[in-house]
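Here is a quick tour of a predicted model, written for someone who likes to know which parts to trust before setting anything up. Have the coordinates open as you read.

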Amino acid sequence: MNFNIVKIAKTEHNIGMEPIRLLTDDEISIAYDQGKEAVVKLFHETLGKLAEHIQRLEDQAAKNSSNSGKPPSSDGLKKKTQSLRRPSGKKSGGQAGHKGHTLKAVAKPDQVELHRVKDCKHCHASLAEVATQGYEKRQVFEVPPVRIQVTEHQAEIKECPICHQKTVGEFPEAVTQPVQ
Ligand SMILES: [Zn+2]
């Protein structure tokens, strides 16, 4: 089963959730032996709990996301942004029953993978000694069975001193979005 597309952010503090209990082979086998209805029920129960768990993480992530999604260097220009929305009186974050799945980058990924620029992709000059100008970032959100792991891929951006064109390090083929 693929849970790659759910939006989950690692939270700084424990929200006090029950740990997700995975089904044992026996439980699955028993349902299988009992027939289609038991399997359907088991799926609904299990995935329902998982969805609930994810929703709580999403709500928490939404609360924590005010400072995420932008590189540290972009903070300078608008230090004091204020929400134009009036307080609704509801708690912030996803409301109950909210089904939206807008992915937001997290400020502190669990893991960072650097994709280096070795040479200019335009004229093939070596850029090994050229300083990195910045990083183009894409985050992959994954929900492994036990805990959530976010890997940030950082592709180096370098300008070639010879042709003055920029080369960005290559992300793995599967990493296509700023947040996925
Ligand atoms: Zn070049």
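## Confidence, fold and a zinc site

Among the elements of the protein chain, helix H2 (residues 36–64) gets the lowest mean pLDDT, 78, while strand S4 (residues 166–168) gets the highest, 96. This is a predicted model, and the protein chain as a whole averages a pLDDT of 74, with 66% of the residues scoring at least 70. Two stretches deserve some caution. Over residues 1–15 the pLDDT is below 50, and that stretch has 40 contacts in the model beyond near neighbours in sequence. Residues 93–99 also have a pLDDT below 50, here with six contacts beyond near neighbours.

Now the layout. The protein chain has two helices and four strands, and reading along the sequence gives α-α-β-β-β-β. Of the contacts in the protein chain with a separation of 6 or more, 71% are between residues 24 or more positions apart. Buried residues make up 28% of the 180 residues. The exposed surface of the protein chain comes to about 13400 Å², and carbon and sulfur atoms supply 53% of it.

Helix H1 (residues 25–34) has one buried residue out of ten, so it lies largely in the open. Right after H1 comes Gly35, with a positive phi near 110 degrees.

On to the metal. Which protein atoms are the donors of the zinc ion? They are the SG atoms of Cys120, Cys123, Cys160 and Cys163, lying 2.3 to 2.6 Å from the ion. Along the chain these donors follow the spacing C-x2-C-x36-C-x2-C. Cys120 sits in the loop between strand S1 (111–115) and S2, and Cys163 in the loop between strand S3 (149–159) and S4; the two are 43 residues apart, so to speak a link between distant parts of the chain. The arrangement is tetrahedral because the four donor atoms subtend angles of 100 to 121 degrees around the zinc ion. For reference, ideal angles for four tetrahedral donors are 109.5 degrees.

Is Cys120 buried or exposed? Cys120 counts as buried because its relative accessibility is 0%. Cys163, at 26% relative accessibility, counts as partly exposed.

Two histidines in those loops are worth a look for their backbone angles. Most residues other than glycine have a negative phi. His124 has a positive one, near 65 degrees, and His164 has a positive phi of about 60 degrees. The table puts their places and accessibilities together.

| Residue | Place | Phi | Relative accessibility |
|---|---|---|---|
| His124 | loop between S1 and S2 | near 65 degrees | 60%, exposed |
| His164 | loop between S3 and S4 | about 60 degrees | 54%, exposed |

Last stop: Arg138, which is found in strand S2 (residues 134–142). What does the side chain of Arg138 reach at 2.8 Å? That partner is the backbone oxygen of Val175. Leaving aside neighbours within four places in sequence, Arg138 is also in contact with a list of residues including Thr151, Glu152, His153 and Phe171. Further along the sequence, the contacts of Arg138 include Thr176, Gln177 and Pro178, besides Val175 itself.

Key. Residues are numbered from 1 along each chain as its sequence is written. This is a predicted model: local features need pLDDT of at least 70, side-chain atom pairs count only at pLDDT 80 or more; totals for chains, interfaces and linings use all residues. Side-chain values use heavy atoms; hydrogens and water are left out. A polar contact is a pair of N or O atoms within 3.5 Å; within protein, one must be able to donate a hydrogen and the other to accept it, and residues adjacent in sequence count only if both atoms are side-chain atoms. Contact means heavy atoms within 4.5 Å. pLDDT is the predictor's confidence in each residue, from 0 to 100. Donors are N, O and S atoms within 2.8 Å of the metal (3.2 Å for Na, K and Ca); water is not among the atoms, so sites may look incomplete. Four donors count as tetrahedral if all angles lie between 85 and 135 degrees; four count as square planar and six as octahedral if opposite donors are over 155 degrees apart and all others between 65 and 115; anything else is irregular. Buried means under 20% relative accessible area, exposed over 50%, partly exposed in between (1.4 Å probe, protein chains only). Accessible areas come from the Shrake-Rupley method with a 1.4 Å probe; for residues, only the protein chains shown count as cover.
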